[in-house]
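Please walk me through this structure in the viewer, one selection at a time. Start with the whole chain, then move to single elements.

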Amino acid sequence: MNTLTLNSYAKVNLYLEVLNKRKDACHNIKTLFERIDLCDKMVFKTLRDKKITVTCDLPSVPRDNSNLAWQAARLLQDTCKSAKGADIRIIKRIPVGSGLGGGSSNAASTLTGLNKLWGLGLKRVELARLAAKLGSDVPFFIYDTPFAFGTGRGDKILPLDILDGVKLWHILVVPKIAVSTPYIYRIWDKKYPKNAIKKERARLTTAGYDVNILISGLKRNDVSLTGDLLYNSLEQVAAGAYPRIKHLKDRLKRLGASAVLMSGSGSAVFALLSSKKEALTLYRRLGPTNSWGRVFVSCTCCARR
């Protein structure tokens with residue numbers, strides 16, 4: 001086998017709590033990942049020499065060693081002392097800089113795809129260890145699971161088998177802005193020094209935010225039980241830097257969506273709906289393209305590779 005094609009899926013964070021800044025300048029978090037069916041397509045082809053090439057149909061995506069897929073291929077080469085190379089083609093559908101994990105997913109798909117294509121035989125735990133070297137979200141996509149709890153930098157992954165069979169529907173709206181994750185965390189650090197973090201966590205406890213309660217609500221597939229428990233520590237910070245995020249949330253709520261949240265560090269905002277019919281109704285009301293950005297109907301991706 002010289003060629004392999006994989007879907008590279010996006011994610012949303014149904015819960016994201018920033019706990020504290022680490023000594024390595026990263027942040028400890030608690031997060032609930034959901035893999036969704038919005039995806040890029042990736043085509044891998046083995047090259048006889050050690051050359052790594054990346055192409056993409058979206059001009060803004062880098063083709064050099066700053067691309068996470070390129071980095072993943074080189075890391076796999078170096079770790080396994082492989083003499084094989086790869087041509088990696090990315091057909092991009094996940095918006096860049098949206099908080100939907102497109103680059104991280106591409107990196108994970110590269111590790112998974114080339115492990116198979118090159119016949120390396122690495123186990124999932126070994127791939128996850130390599131994935132953590134590339135980025136905090138990358139290990140989640142290695143585990144091939146619809147839902148998972150993330151701790152540490154988000155790289156310590158616990159698949160949530162308790163949610164097997166749960167299928168959520170979403171409207172995703174990605175405004176025409178690309179958000180830098182490091183920039184958002186720098187603002188967060190200024191807003192929440194150590195003492196302020198303690199106060200924020202106390203406020204969350206008082207308000208009833210709890211990821212375990214959220215998971216219980218999701219198991220029942222009841223939007224009315226989960227809407228108030230969706231939470232993202234970074235949302236207020238990102239909305240302050242990019243007011244369009246708050247305006248977009250407000251608009252979705254005016255159109256009838258009760259459960260609305262920003263994913264990751266932004267800029268994508270999603271509404272949690274009770275059914276495909278409800279999602280399509282809201283989609284038609286928003287329109288597939290508008291002044292706010294790109295609009296998608298999406299659901300939990302339960303497919304296994």
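A residue counts as buried when its relative accessible area is under 20%, and as exposed when that area is over 50%. In this predicted model, buried residues account for 54% of the 305 residues in the protein chain.

**Whole chain.** Show the protein chain as a cartoon; 11 helices and 12 strands should appear. Along the principal axes, its C-alpha atoms fill a box of roughly 55 × 45 × 35 Å. The radius of gyration is 19 Å, in agreement with the value near 19 Å for a compact globule with 305 residues. Of the contacts between residues at least 6 apart in sequence, 75% join residues at least 24 apart.

**Surface and charges.** Switch to a surface display. The accessible surface of the protein chain is about 13,900 Å², and carbon and sulfur atoms supply 51% of that. Colour by charge next: the chain has 50 positive and 24 negative charges, and their mean positions lie 3 Å apart.

**Strand E1.** Return to the cartoon and select Ser8, which sits in strand E1. Is Ser8 buried or exposed? Its relative accessibility is 0%, so Ser8 counts as buried. Now add Asp40, which is 32 residues away along the chain from Ser8. The C-alpha atoms of Ser8 and Asp40 are separated by 5.0 Å.

**Helix H5.** Select residues 181-191, which form helix H5. Show the side chains of Ile184, Tyr185 and Trp188, which are buried. Looking down the axis of H5, these buried residues fall within an arc of 95°, so they line one face of the helix. On the face turned away from that buried side, pick out the exposed residues Pro182, Arg186 and Lys190.

**Helix H7.** Move on to residues 211-219, helix H7, and select its buried residues: Val211, Leu214, Ile215, Gly217 and Leu218. Viewed down the axis of H7, the buried residues lie within an arc of 160°, so they too line one face of the helix. Asn212 and Lys219 are the exposed residues on the face turned away from the buried side of H7.

Which elements do the buried residues of H7 pack against? Display strand E1 (3-21), strand E2 (27-47), strand E5 (147-151) and helix H8 (223-226) to see these partners. Strand E1 is also the strand that holds Ser8.

**End of H7.** Finish at Asn221, just after H7, where phi is positive at about 60°.

Key:
Residues numbered from 1 in each chain as written. Predicted model: local features only at pLDDT ≥ 70, side-chain atom pairs only at ≥ 80, totals over all residues. Heavy atoms only, no water. Helix = DSSP H or I, 4+ residues; strand = E, 2+ residues; numbered from the N terminus. Rg over C-alpha atoms; globule rule 2.2 N^0.38 Å. Buried < 20%, exposed > 50% of the residue type's maximum accessible area, 1.4 Å probe, protein only. Contact = heavy atoms within 4.5 Å. Areas by Shrake-Rupley, 256 points an atom, 1.4 Å probe, with all protein chains shown as cover. Lys, Arg positive; Asp, Glu negative; His and termini not counted. Charge placed at Lys NZ, Arg CZ, Asp CG, Glu CD. Arc of directions from axis to C-beta.
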